[in-house]
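Biologist: I should like to go through the terms used for this model and the values behind them. Please set each value against its definition.

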Amino acid sequence: DDQIERERVSQRLSGGCCALAAIYLMGKFYVANAGDSRAIIIRNGEIIPMSREFTPETERQRLQFLAFLRPELLGKEFTHLEFPRRIQPKELGKKMLYRDQNMNGWAYKKIEEDDLKFPLIYGEGKKARVMATIGVTRGLGDHDLRVFSSNIHIKPFLSCFPEVRVYDLTQYEHCPDDVLVLGTDGLWDVTNDKEVAGVVMEVLTSYEPNDPCRYTMVAQELVVRSRGVLKERGWRLANDKLGSGDDISVFVIPLGGPGNYT
């Protein structure tokens with residue numbers, strides 16, 4: 001992240017990205033995630049999560065705590081408090097549900113002038129944004145990212161530090177159908193863990209266990225099914241719902257099976 005910051009001037013590059021990495025070392029898989037990509041292990045049909053997404057909703061308390069400690073980062077335009085909906089001026093003096101950095105649940109407070117400011121985190125699900133700008137709270141880069149038409153920097157709220165999970169391969173006997181799947185949010189936006197596992201098993205069983213192409217074909221099939229088919233009303237999935245409009249990258253890594261693919 002520091003290197004990206006140093007090079008952004010010389011290379012004239014802006015923007016940022018998420019990061020999802022898997023490292024095999026001494027019998028263990030280390031999976032590091034910074035962003036909204038996802039990794040799962042499918043072992044004997046069981047789904048084992050190896051990451052979690054970092055979004056304004058999942059990191060609400062961290063973001064609110066930083067804003068509470070450093071209110072100057074909000075530029076006098078935002079409030080670190082969260083409300084179920086946007087507060088209207090006519091509601092001044094009334095009571096409204098809210099929560100701050102210390103709360104999991106909700107409580108009531110009397111609406112004051114500061115509560116009329118735009119909330120630090122606004123929206124739900126994929127529409128949730130930090131300062132109405134970005135929907136991912138960990139990753140690399142975005143050093144120049146600002147709130148639209150302002151000089152308020154968003155980078156202080158974005159973390160480049162990944163969450164790391166460890167999986168010990170020596171604890172289990174793995175067969176050729178046991179895999180680690182890494183995918184960007186373009187995959188997971190329209191395909192859940194169970195559906196991905198279903199595609200994995202469907203494709204793998206159509207190939208011989210010692211055929212190395214089977215894993216590439218799984219990745220290809222996951223991309224194709226998540227993108228959908230181009231129709232008159234845009235890209236559509238098999239159930240006629242909208243296909244993924246985001247970029248889709250998928251890696252499928254075998255965890256066991258024959259060591260000699262001949």
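Modeller: I begin with one charged pair: Lys117 forms a salt bridge with Asp114, and their closest N and O atoms are 3.6 Å apart. This is a predicted model, in which local features need pLDDT of at least 70 and side-chain atom pairs count only at pLDDT 80 or more, while totals for chains, interfaces and linings use all residues. Residues are numbered from 1 along each chain as its sequence is written, and side-chain values use heavy atoms, with hydrogens and water left out.

Biologist: Why is the pair of Lys117 and Asp114 called a salt bridge?

Modeller: The term requires a side-chain nitrogen of Lys or Arg within 4 Å of a carboxyl oxygen of Asp or Glu. The closest N and O atoms of Lys117 and Asp114 are 3.6 Å apart, and the pair therefore meets the criterion of within 4 Å. In general, side chains of opposite charge can pair when their charged atoms come close.

Biologist: What makes Lys117 and Asp114 partly exposed?

Modeller: Buried means under 20% relative accessible area, exposed means over 50%, and partly exposed lies in between (1.4 Å probe, protein chains only). Lys117 has a relative accessible area of 25% and is therefore partly exposed. Asp114, at 47%, is likewise partly exposed.

Biologist: Which residue is the salt-bridge partner of Arg43, and how is each of the two classed?

Modeller: Arg43 forms a salt bridge with Glu46, with 3.3 Å between the closest N and O atoms. Arg43 counts as buried because its relative accessibility is 12%, whereas Glu46 is partly exposed because its relative accessible area is 41%.

Biologist: What makes the salt bridge between Asp177 and Arg214 a link between parts of the chain?

Modeller: The side chains of Asp177 and Arg214 meet at 2.7 Å, N to O. Asp177 lies in the loop between strand S13 (163–168) and strand S14 (179–183), and Arg214 in helix H5 (residues 213–227), so the pair ties together parts that are 37 residues apart in sequence. Arg214 is called buried because its relative accessible area is 1%.

Biologist: How are the helices and strands assigned, and how many are there?

Modeller: They are DSSP runs numbered from the N terminus: helices are H or I with at least four residues, and strands are E with at least two. The chain has 5 helices and 17 strands.

Biologist: How many salt bridges does the whole structure hold, and which residues are linked in a network?

Modeller: The search of the whole structure finds 22 salt bridges. Asp36, Lys126, Asp185 and Asp189 are linked in a network of them.

Biologist: Is Asp36 buried or exposed, and what does it touch?

Modeller: Asp36 is buried, because its relative accessible area is 9%. Its place is in the loop between S3 and strand S4 (38–43). Leaving aside residues up to four places away in sequence, Asp36 touches Cys18, Glu53, Phe54, Lys126, Val136 and Asp185; contact means heavy atoms within 4.5 Å.

Biologist: Why are Ile23, Leu25 and Met26 called a nonpolar patch?

Modeller: Patches are made of residues with over 30% relative accessible area and no salt bridge; like charges are joined within 9 Å, and nonpolar side chains (Val, Leu, Ile, Met, Phe, Trp, Tyr) within 5 Å. Ile23, Leu25 and Met26 form such a patch on the surface, with about 370 Å² of accessible area together, from the Shrake-Rupley method with a 1.4 Å probe, where for residues only the protein chains shown count as cover. Met26 lies in the loop between strand S2 (19–25) and strand S3 (28–34), and Met26 is exposed because its relative accessible area is 78%.

Biologist: What makes the phi values of Lys76 and Ser149 worth a remark?

Modeller: Most residues other than glycine have a negative phi. Lys76 has a positive phi of about 60 degrees although it is not a glycine, and Ser149, also not a glycine, has a positive phi of about 55 degrees. Lys76 sits in the loop between helix H2 (60–69) and S6 and counts as exposed because its relative accessibility is 75%. Ser149 sits in the loop between strand S12 (140–141) and S13 and counts as exposed because its relative accessibility is 66%.
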